Amino acid sequence: MSKPATDPLTGSGGRRHLLSVGDLGSEGIREILRLADSFAEVNTRAIPKVPALRGRTVASLFFEDSTRTRLSFETAAKRLSADTATFSAGSSSLSKGESLRDTAQTVAAMGIDCAVVRHCSAGVAVQLSRWLDAAVINAGDGCHEHPTQALLDCYTIRQRLGDIEGRRVAIVGDIAHSRVARSLVAALQLLDAGVTLVAPATLLPPAVDAWGVGVSSRIDDVLPRVDVVYLLRLQHERQERALLPSLREFHERFGLSAERVRRLADHAIVMHPGPMNRGVEIGPEVPEMACTTVAEQVANGVSVRMAVLFWLLGAEPAAAAAADVEASPAPERASAAEVSSG
Amino acid sequence: MAERSRLFIAGGTVVDATGERRADVIVGPEGTIVAVGEGLAAEAAGADRTLEAGGCIVAPGLVDLHAHLRQPGGEQAETVLTGSRAATLGGFSAVVAMPNTSPSIDSAAMVREVQELGRASLCQVEVAGAITVARAGERLAPMGEMAALGVRLFTDDGKGVQDAGIMRKALQYASDLGVRLAQHCEVDSLAVGGHMHEGEWSSRLGIPGIPAEAEEIMVMRDVALSRLTGAPVHFQHLSTAGSVAIVEAARRSGVRVTAEVAPHHFTLTDESCASYDTRFKVNPPLRPADDVTAVRAALARGTLDAIATDHAPHTADAKDLPFEEAPPGMLGLETALSLALTELDLSPAEALALLSWRPARIAGIDDSHGGPVEAGRPANLCVFDPSAVWTPDSGGGASRSRNTPYVGRRLRGRVRHTLVAGEAVVVDGEVQR
C-alpha cells in the first residue's frame, strides 16, 4: 500500500519527522489526507476523542507567538489522548543567553515523544531534528515552511472542489516572506495542481523562475482563470521597509475586494490562512461570502494535525504493530483507533 | 622565549619564487638560513635536530592576510596564542590579525597590546588597524600613530566603510604613510538582514539573502576611489564572478588594486546551507557554482593576488543557534594550503605564490617572509608533503574553536614542519609549544 516517505535529512525511510512538505512526497500527502478524513469523522462525535496516542507526550515548543497554530495542535493531540506540554520562549535564543541546542536538550531530558516547533528563524525544526530523539513537527520556521498549514489547505481544497489534480491556484500577496506559500506551492506541485503567484516584484521570492510556477502582477487577469485564490496575510511593517508604498495601494492593486470576487468562476473558492487584515489583502465583506473557506480551514486544521500526529507516532511502540499498521489501508488505520476507543 | 638551535632539513625539494630544486637546508641558531644545496649532510653534522623532508616541498613560510584571532574580547573562541598554533600547523609563519576585536584595534594602545600578545605566540603576528574609530565608519582612526608602530594594513573588516566620502578621505590621509587600506566589500543597505547568498537556494530555504551586488557595488566604488586618490586598495575575501571581473578590468587599466580570496569561496557553494548547518554561514556568503568557477579561474589566471583564510573561530555555543542568529565565520588556518592543493588546478609553486610571497608583499613583510630560500634569509619556512592525504576530524585542530566545514573531507597535501625565525614550531605535524 502506501510507502513511508523518505526523509532526505536522516536518509532513513522511516517517518521520523515532518520538517517540510517535500519530506512527504505525493504519496505521503495523500495518505495524511485520507487519515484526516477518518479523524474528521471522530471530530463530529459527541465526545471527539480516541485513545490512539494514550501515554505519548506531545510538547509544543513555540519560540514565536502563535495562539492559533498552537491551539490547533494541542486540540489535535488531546483528541488523540496524548499528554501535552507547552514550552513558550522568547523569539530569540540569544536573548536568553542559551543556545538552541541547550534548549533542545533541556526539553529532551523531560522525555517527550514529539516536539511541535515554531520559530521565527528558518531551519530551526531541521536543526532540532538533529539534536532530539523525539519526532519533530515543523509548525512554522521563519520564511521557510509550515507544512501542516499546506496539508490542511489541500484538505480544504479537496473537500470543496473534489480533487486537486489539474486545479489552478493563485497565491496572492507577500510570497517572499511566507512560509505558508513555500509549503503550499510544494504541496500543490506534488499533487499536480497549477500555481500562479500574484504579487509586486518586491514581494516575490528571489530567483522565482526556479520555482516552476506562473508569475503575474495583474490580479484581474488571473482571477477568471483560477479555481482557488489563496490570500496571504500582509505584514504591516512591509511598507516601512520600502517594499510597498502603502497598504492602501496594495489593496488597490492586489487586494481581493468584493468587486474582484465577481471576476471569479462560480465554483472558485477564496482561502486565507489567517489572521486576516480586512481591507488590505481581503475586502472587508469578503470573509463572510460563501466562496470563502476560512472557518473550514481552521476546523480542518484539527483533523489534519490529528492525522499528522497519528502518522508520526501511531505506528509505535511495538515494531510488529507498526508493521501491521503499515500494511493496512490508511482509512482502516483510523478505524482501528476507533475500535479500540469503544 | 623561542628555543633556537641548529637545524638540518634533509632531503626535500625547495620551491620558491625563483624556481624549484632538490636541496637540503641548514638553519643556524640565530634564526637565519645558513646553507642551501644538495648533499649537505656532512656539513650538517652536529646539527641539534634533523627534520626529515623526503618527498616534501620546502617553501617560504605561508602568510595569511586575514585571520581573526579574537583577542582581546573573544578569548573563548580563540586567543593570539591558540590562533598562532593553528596558523603554524597550517604552514603559516606570519598572519595578519584583523582589528574587529572587542574593543576594536583602532588606537596605538590597542596595537601595542596585540603586538605584545603576538610576541609570545608561535608565529609572526602582524596587526591590522581599523580605518575608522570603533569601525563605525564615521571618524578616521589614528592611522599615523598605528603606522608608526609598524601597522601596514588597515581595514574595518567585518564591515565595509559605507560612506564613500569617508573612504576617499581615509585613502588620501593614509597615502603618505606607506600603508595599504583593505576593504570588506559589502553595501549594508543591500546586505543587512541577509544570512546567505540571495538566489535559488535562499529562495527555497526561506533564509533572507545577500545579493552578489552588495559586494560588487562596493568593489566598483573602491576601484573608482583608488583611481581618484591614486592610493592602493586591497579587496578582502572576494566571492563573486562580478567582483573578479571588476578587479581584472581595473588592473588592466592600471588602477592599483589587489585582491584576496578565501578557501571556502573556491571550495563550497550556497547549496551547503540547505542543511541549515551554521558552520556554512560565513560572510561574504558561500556563492553558487558559477561564482566558485569564476574565482577558481581567476586564481589560475593569476589575476588575484592571494589566498587568505578569513579564519573566524566561534564557540560551539555561538554556532548552535538558529541559522539567522548564528554569527558568520569558519576556521581556515589549518586547511587553507591543503584546500589550495586539493581543489585548485595549480602547481605547488603557483599555490605558494598565492599563499606566501604575493601576500607577503601586500602585508609589507616581504623583507622577512616569502623571499627565496637562500643563505642569509630569515628561516621562516613551511615544509609540506604534497601527496599526503588526510581528513580533518571534528575533535581535531589547534584552534580553540571547532567550526570547520571540512570535517570528513579528503584533503591532499599536509604540513609537516613549520619554522618561524629559525625555531621549529611544528615538527612532524605536531605543535612544539
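## Domains of chain B

Domain bounds here come from an automatic or database domain assignment. In this predicted model, that assignment splits chain B into domain 1, made of 7-58 + 374-387 + 410-431, and domain 2, which covers 61-363. Taken over C-alpha atoms, the centres of domain 1 and domain 2 of chain B are 30 Å apart.

## Contact between the domains

Domain 1 of chain B gives 19 residues to the contact, and domain 2 of chain B gives 23 residues. On the domain 1 side, the elements that supply two or more residues are strand 16 (381-390), strand 17 (411-420) and strand 18 (423-427) of chain B. Strand 17 of chain B has the largest share of this side, with seven residues.

Sorted by class, the side of domain 1 of chain B that touches domain 2 of chain B holds 13 nonpolar, three polar and three charged residues.

## Helix packing in chain A

In chain A, helix 1 (residues 21-42) packs with helix 7 (residues 179-190) at an angle of about 35°, and their axes lie 9 Å apart. The crossing of helix 1 and helix 7 of chain A is right-handed.

Helix 1 of chain A enters this contact with Val21(A), Gly22(A), Gly25(A), Ser26(A) and Ile29(A), which meet Ser183(A), Ala186(A), Ala187(A) and Leu190(A) of helix 7 of chain A. The contact of helix 1 with helix 7 of chain A comprises five nonpolar and four polar residues, with no charged residues.

Notes. Residues are numbered from 1 along each chain as its sequence is written. Chains are lettered from A and ligands numbered from 1 in the order in which they are written. This is a predicted model: local features need pLDDT of at least 70, side-chain atom pairs count only at pLDDT 80 or more; totals for chains, interfaces and linings use all residues. Axes are lines fitted to C-alpha atoms, for helices over the stretch in contact, and angles run from 0 to 180 degrees between N-to-C directions. Helices (H or I, at least four residues) and strands (E, at least two) are DSSP runs, numbered from the N terminus. A crossing is left-handed if the near helix is turned anticlockwise from the far one by less than a right angle, and right-handed if clockwise. Two residues are in contact if their C-beta atoms, placed from the backbone, lie within 7 Å. Ala, Val, Leu, Ile, Met, Phe, Trp, Tyr, Cys and Pro count as nonpolar, Asp, Glu, Lys and Arg as charged, and the others, Gly among them, as polar.
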